[in-house]
Amino acid sequence: MPAATNTKRNLVTAALVAPAAAWLMIFLVLPFIAMLVFAFGERAPEGGYQAAFTFAQFANLPTRAAAFWNTLVLAPIGALACLLIAYPVAYYLAVKANPRYRLILVSLVVVPFWTSLLVRTYAWMYILGSRGIPNLLSVIGIEDVRMLNTPGAVLLGIVYGYLPLMIMPIYVSLEKLDRRLLEASADLGAKPVSTFFGVTLPLSLPGVMTGVALVTILLLGEYLIPQLLGGGKVFFIGNALVDLFLQSRNWPFGSAIAVTLVAVVVVILMVAMRIAFRVAGTRQVDLV
Amino acid sequence: MSKWYRENAPITADQLSDELMRLKRGSVTRRHFLGVTGLGLATAVLARQPGLFNSTAFAGDLGTQMSIATWPNYHDPATFEAFQAATGVAVEVNVFGSNEEMLAKLQAGGTGWDLFVPTNYTISTYVKLGLIDELDLSKLPNYDAATETARFTNEGVVDGKTYAVPKNWGTTGIALNSNKIKTPVTSWKDFFEIAMTEADGRAMVHDYQLTTIGNALVSLGFSFNSIKPDELAKAEELLIKVKPHLYAINSDYQPSMRATDAWMTMCWTNDGAQLNRDMPEIQFVLGKDGGEIWSDFYAIPKSAANKAAGYALLNYLMAPENAMKEHIANGAPTTDSRVLKLLPADVTGNKIVYPDEASLTPLEFGAAVTLTDPGRAELMARFKSA
């Protein structure tokens, strides 16, 4: 009875998919539709939303150009800085570290996630504030150094906060790297440096792309770190959104910015995925 | 940013827990406990309602928790602990940096606040939007309109109905660390000049359109409440010129001032008094060119989940004995002559808290229109995103 089996199989599939589908529908699709509707509306006189159909909010987007610019510059810079630090760490963990301690070392990368990012960012406020590093510097005669509330502090916070998210995908792609390929490369006379750039790095690119996309996308919505370590002066789109909803109560404009941000994220994600798949795909062919 | 208000707990909290332990051990009577902790009056009031003195029935009526929305460093933590000890109701404290933020949350709904602390100029808008209830004064026997100073409390009454009762009044002035800044600062004009020179990188403005834009307007010789586009444009020009020199845009400036990360800030009376009390080098001055005088109120949101507890806490706070302790701890001047009589001379004689009448003359109360004016809201957003 193939038909009955199929029906049963379909029912099981539907039952398995239903919770996730309902979840996405209620918490992703419906809010997004609400946001789209709001984006074409008007700000009510006392704030909030009032029904209308206008493109005025999108026409107003250039007034937040600085926030978009800050975000679109600092997010890739932050991701790149994370990458430069994360790659050697991931390489060490996956290739060089003693396998006996590898699990412990990998766990240590994740340990900071056990504490809220808010608390850890507050700790940085203390370290960078007058009673922290500047206080130590004043001991050796360098007075009144200001570290907190600078773009550098924001970048530091970003690298600190997002480093584990970059290390993990790179580690995973390096860890499943076939060691025989490295040996083959060496046997064929390649120096370690050319083995790294010719074999290791290309094979780990999918992990790198995943890490960069993950960190960049999360950074595009970052609010907390610029607020706490930038003193509210280094302004991201996330901060612009908070202001629009919580201070000026301009929901339609806030929605328009949010919709635009989602569009930007989708484009970045598609490009990143395409590159990652292409890299992974071609290497796969080579291996076979 | 919900948090339990336990930090900086003054000695009274320890005394309270000592007394509570004694009560639990049975070494003192409940009456003694209520007397020494100042909870007697609240209990007496609550006792008028049948069955409330019994603590189980009590918990049933008031619930076990409530939520208040207020300002940073604005309450004596011991107050809420004492209230919990008396009623079994734990108070969750949410702090905000601007009235706009409170309004935005109430407009969006689902705040869960049972009591909140709006400033004078916002109340008419809350009433118009139907976000707050007229207060049932029969549930607030500790409040006495006759002992209040009308100048500070009249905006709580809209169309003859009382929607909010006063917490305290205050001013928005300048706090500066005199160890770091030697040039005298006596006006908002000075404030913005020093922020770009001697206090370069060390001055803070509020993350709050009313005071940040208002004081910039004052420094240019305009009204604190102006919504005229040409005057706002000049204020915006000044603010954007000052911005690269600022340390931060943040209404919670006490931590930065205490750590001497910041040397000068826009500052509310109560914060000025607290900072000066702990660090005498931090001075508080009023702008001789103007600035803000304000009063804060307690109001109950229409959406409050636990109105009974909201009223109970409000009535507790209105008792002069409790209000006196709040005033001593937070350093804001009282609107209630009953409280003024109870306050010690060193508080009433403190020129930060109770300045000379003459220094208040140039100050203005915030105007309702500034809360909803899209021009000011957009200006603030442009300033921050510049």
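This is a short walk through a two-chain model, from the contact between the chains down to a few single residues. Before anything else, keep in mind that the model is predicted.

Okay, let's begin where the chains meet. Chain A puts 28 residues in contact with 30 residues of chain B. Which elements of chain A give two or more residues to that side? Those are α3, residues 65-96, and α11, residues 237-246. Of these, α11(A) has the largest share, with five residues. If you like to think in chemistry, the chain A side splits into nine nonpolar, 11 polar and eight charged residues.

Now over to chain B by itself. The domain assignment cuts chain B into domain 1, made of 2-169 plus 295-348, and domain 2, made of 170-293 plus 355-385. Each of the two domains puts 20 residues into the contact between them. On the domain 1 side, the elements giving two or more residues are α6 (99-108), α7 (123-128) and β7 of chain B. The most comes from α6(B), and that is three residues. By class, this domain 1 side has seven nonpolar residues, 12 polar ones and one charged.

Stay with β7(B) for a moment. This strand covers residues 165-177 and runs antiparallel to β11(B), with four bridges joining the two. Who sits across from Gln283(B) in β11(B)? That's Leu176(B). Strand β11 itself is residues 282-285, with Ile282(B) and Phe284(B) pointing one way and Gln283(B) and Val285(B) the other. And are those four buried or exposed? They are all buried, on both faces, Gln283(B) included.

Last bit: two backbone oddities, one per chain. In chain A, look at Asn149(A), where phi is near 60°, a positive value in a residue that isn't glycine. You'll find Asn149(A) in the loop between α6 (133-139) and α7 (151-175) of chain A. Asn149(A) has 28 other C-beta atoms within 10 Å, so it counts as buried.

In chain B, the one to look at is Asp159(B), also not a glycine, with a positive phi of about 50°. Asp159(B) is in the loop between β5 (157-158) and β6 (161-162) of chain B. Why does Asp159(B) count as exposed? Because it has 8 C-beta neighbours inside 10 Å, and 12 or fewer makes a residue exposed.

So, to put that pair side by side: Asn149(A) is buried, whereas Asp159(B) is exposed. That's my tour, thanks.

Methods. Residues are numbered from 1 along each chain as its sequence is written. Chains are lettered from A and ligands numbered from 1 in the order in which they are written. This is a predicted model: local features need pLDDT of at least 70, side-chain atom pairs count only at pLDDT 80 or more; totals for chains, interfaces and linings use all residues. A residue is buried if 20 or more other C-beta atoms lie within 10 Å of its own, exposed if 12 or fewer, and partly exposed in between; C-beta atoms are placed from the backbone. Two strands pair if DSSP finds at least two bridges between them. Domain bounds come from an automatic or database domain assignment. Two residues are in contact if their C-beta atoms, placed from the backbone, lie within 7 Å. Ala, Val, Leu, Ile, Met, Phe, Trp, Tyr, Cys and Pro count as nonpolar, Asp, Glu, Lys and Arg as charged, and the others, Gly among them, as polar.
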